[in-house]
Amino acid sequence: MNANISPSKQKLRRVFGIVRKETRQAWRDPSSILVAVVLPLILLFLFGYGVTFDPRFFTVGLVVEQPTPESGSFTAALSHSPYFRIETARDRRTFEAALVAGDIHGIVVLPADFAEQAYRGESAPIQVIVDGSDPNTADLVGNYLGLLWANWLEQESVGRAQPLLPTAVELQPQVWFNPEASSRHYLVPGSIAIILTMIGALLTALVIAREWERGTMEALLATPIEIPELLVGKLVPYFLLGMGSMALSVATAVLLFGVPFRGSFALLTLVSAVFLLAALGQGLLISTVTRNQLVAAQVSILSAFLPAFYFSNFVFEIDSMPWALQLISYAVPARYFVSTLQTLFLAGDIWSVILPDLLGLAAIATGFFTLTAITTRRRLE
Amino acid sequence: MWRRILALITKELLASVRDRQTRWVVLFSPPFLLLIYAFAITQEVTNVSMAVLNQDLGREARELVSRFEGAETFERIHYLTGVAEIAPAIESQDVIMVLHLGPDFSRRIAAGERAEVQLLLDGRRTNAAQILLGYATRIVARFNETLSKGGARPPTRVITRAWFNPNAEPLWSAVPALFAVLTAMVGFMVSALAVARERELGTFEQLLVSPLQPVEILVGKTVPALLIALTSASAMLALGWIVLDVPLRGSLIGLFAGMAVYLAAIIGIGLFISSLASTQQQAVIGLLLYLVPAVLLSGYATPVENMPNWLQWLSTTNPITHFIAICKGVFLRAVPADVILRHIWPMALIATTTLSAGAWLFRRRTT
């Protein structure tokens, strides 16, 4: 009967047959739904509500060596600040143990004559000790206390005989694209890259490694289907699953968490599709090389998931890393995708950012598929 | 009974150690990852590019710009010639920050007026922008101090001393937290597929019809996983301490006690997820579905105190939160034993609950 159908039609029919079978299988397996629907919602929810760089308040131990009117007004300034919760004591040793135990973020000591010292222009009239085991928080506590001290001093100096020199140069910062500097606005777009990496690389690696592990891949190869047709047929459903999950994530981010989206959806779809191809290519390569689900899972976590988290500017700054690690980051697809996502969500269609990202992703995708083609052929010979 | 358990433990250990791929992935890759990622987690910002638009020809303006040029943070400084160049420089991510001094900067300082300087930051990298803003604020504050005039003195500054890590060594804060997270990954890798793999291959039924009781199977699966994970974790610990030279100031015994209970809790969760799953694929996915939120809620990337109260409460049921607290405490702050104990007992509770649930599921899921 095949005699009356042209070869290209037969090809399409074969591919479509595999697509249909794989789609049903993916649909029935709860783990695909978990990865494509539940995981994105959990991640977006966490980045939307919980996980944030924006501090709520710091707990600080305040030691007043001798109460004076000035120490009273400084204590009031500190306790009125929304950034600080204070505990007071006369002896600093009370708080030193708490700082070691990690119960407080810092200690502020007001010596008996701190106000006079401040006016004599001596440096460090008050002592501030912070918990350096968390440098980020330590920095913030120091910065906020510095600002509070400057404001307090300015207010106190009003009405004094010898006024303090007013601040000569004032810095007026403006954070573009994210004026409130909300960490949700840049963490949520970045997390979409993590979600698609898991669907593309991890889920695909597992699904195809299972075929190799069970020997069903060899069985399929004995049929008239050719290797490229088989792989396309296997990848199409996971590509669609990934695009669906991307749409769900973007909708949740914009509608539920109020993250702005200033670019165009057409461009987002294009870049996501190319990124998914790169991630699917990586998953395919991993499964072809390992041919074992356990090892495929471990390798894709180590080579796709962790790098997407670390080497993508998602949380950690690539520019600040040693050059060898910066070099590695160029091979990580998420690096390009996170950059485009942050630009499309917060800034808009900026071609000077998106075009290089798109080319980088296309190059990586081509590389993965070429390597897969080479290894598959060699493995079968 | 003990002989049966011992036989199972021996078999499991041999199976893992003899498999080349497992040996490589579980024993050798975690220390390697510690070495790589320890350098990736920097909470300071360096090597970034900034731009300066200086529209003032005065000496003070040049002086302020040279303060920025002298800062090590900025690898490249671009000089702009007009306001129109600011937006393209930031949008294209050529620079992360632009310092803009208006034409009347020096004149205002000479007149004793307040001179305003604009600092424009790229909000797509908000965290880096915030850190850079802190650096810039400090540079400007120091610049202000040099501008004394007449009899008036510039205001004094607060000088902060950081205990435990006075030079803000990035590795010192990165290694303890990364060690805790990688140890969790090892614990999951050795336990997660333990049951699911056998179930998929059909060998788990054979175990269940053998004279072994579910509790014995549980012990036989937990102990080898614990031994392998402890070996790998100890290698990472030695690497962090000796090679990366992170100080270990607290009690090593306390750290190992915490590590054993932590791994028991992690393996308990791993076995529980593994027994829930009917295929390896489900086990891996289920595990990641637990691991990713657990790491995010552990205070690893962002502080636990920043979360809303109910999420903070939830994170007390997360073993990773407790072990990160122990690691940071023991490595850098030399915490006393009672603080370590405060974090050990919740992990012990989690271990007991998940391990018993796992044993119960062995039977349930087969029928």
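How many bridges join strand E1 of chain B to strand E3 of chain B, and in which sense do they run? I looked this up first, in what is a predicted model. I found 5 bridges between E1 (residues 48–54) and E3 (residues 97–101) of chain B, and the two strands run parallel. Within this pair, Val52(B) stands opposite Leu99(B) of E3(B).

**Entry: the sheet around E1(B)**

I followed the pairing outward and got an open sheet of 5 strands, in the order E5(A)-E4(B)-E3(B)-E1(B)-E2(B). Its pairing is mixed. I noted the edge strands as E5 of chain A and strand E2 (74–79) of chain B, each of which pairs on one side only. Neighbouring strands are turned by 20 degrees against each other on average, direction ignored.

I then looked for helices on this sheet. Helix H3 (residues 59–70) of chain B packs on it, touching E5 of chain A as well as E1, E2 and E3 of chain B. The direction of H3(B) makes about 175 degrees with that of E1(B). H6(B) lies across E5 of chain A together with E3 and E4 of chain B, and runs at about 170 degrees to E5(A).

**Entry: where the chains share the sheet**

I checked the pair that joins the two chains here. Strand E5 (residues 169–176) of chain A pairs with E4(B) in the parallel sense, over 8 bridges. I picked out Val169(A), whose bridge partner in E4(B) is Ala115(B).

**Entry: the sheet around E1(A)**

I turned to chain A and found an open sheet of 5 strands there, ordered E2(A)-E1(A)-E3(A)-E4(A)-E5(B), with mixed pairing. The edge strands are E2 (84–89) of chain A and E5 of chain B, each pairing on one side only. From one strand to the next the twist averages 25 degrees.

I looked at E1 (residues 58–64) of chain A and counted 6 bridges to E2(A), the two strands running parallel. Val63(A) has Ala89(A) as its bridge partner in E2(A).

I recorded two helices on this sheet. Helix H4 (residues 93–101) of chain A lies across E1, E2, E3 (106–110) and E4 (127–131) of chain A together with E5 of chain B, at about 160 degrees to E1(A). Helix H6 (residues 135–157) of chain A lies across E1, E3 and E4 of chain A together with E5 of chain B, at about 155 degrees to E4(A).

**Entry: the contact between the chains**

I took the whole contact next: 96 residues of chain B are in contact with 94 residues of chain A. Among the elements that give two or more residues to the chain B side are helix H2 (20–40), strand E4 (115–122), helix H6 (126–145) and helix H7 (170–201). H6(B) gives the most, with 12 residues. I noted the make-up of the chain B side as 53 nonpolar, 28 polar and 15 charged residues.

**Entry: domains**

I read the domain assignment of chain A as domain 1 (10–51 + 182–380) and domain 2 (58–157). Their C-alpha centres lie 49 Å apart. Chain B is divided into domain 1 (2–41 + 169–366) and domain 2 (48–145), with C-alpha centres 47 Å apart.

**Entry: a helix pair in chain A**

I last looked at helix H7 (residues 183–214) and helix H13 (residues 333–347) of chain A, whose axes come within 9 Å and cross at roughly 140 degrees. H7(A) and H13(A) are therefore oblique to each other. Their crossing is right-handed. The contact includes Tyr186(A) and Ile192(A) of H7(A), and Phe337(A) and Leu341(A) of H13(A). Its residues divide into 10 nonpolar, 4 polar and no charged.

Terms used
Residues numbered from 1 in each chain as written. Chains lettered and ligands numbered in written order. Predicted model: local features only at pLDDT ≥ 70, side-chain atom pairs only at ≥ 80, totals over all residues. Contact = placed C-beta atoms within 7 Å. Helix = DSSP H or I, 4+ residues; strand = E, 2+ residues; numbered from the N terminus. Nonpolar A, V, L, I, M, F, W, Y, C, P; charged D, E, K, R; others polar. Pairing = 2+ DSSP bridges. Axes fitted to C-alpha atoms, helices over the stretch in contact; angles between N-to-C directions. Parallel < 35°, antiparallel > 145°, perpendicular 65-115°, else oblique. Left-handed = near helix turned anticlockwise from the far one by under 90°. Domains from an automatic or database assignment.
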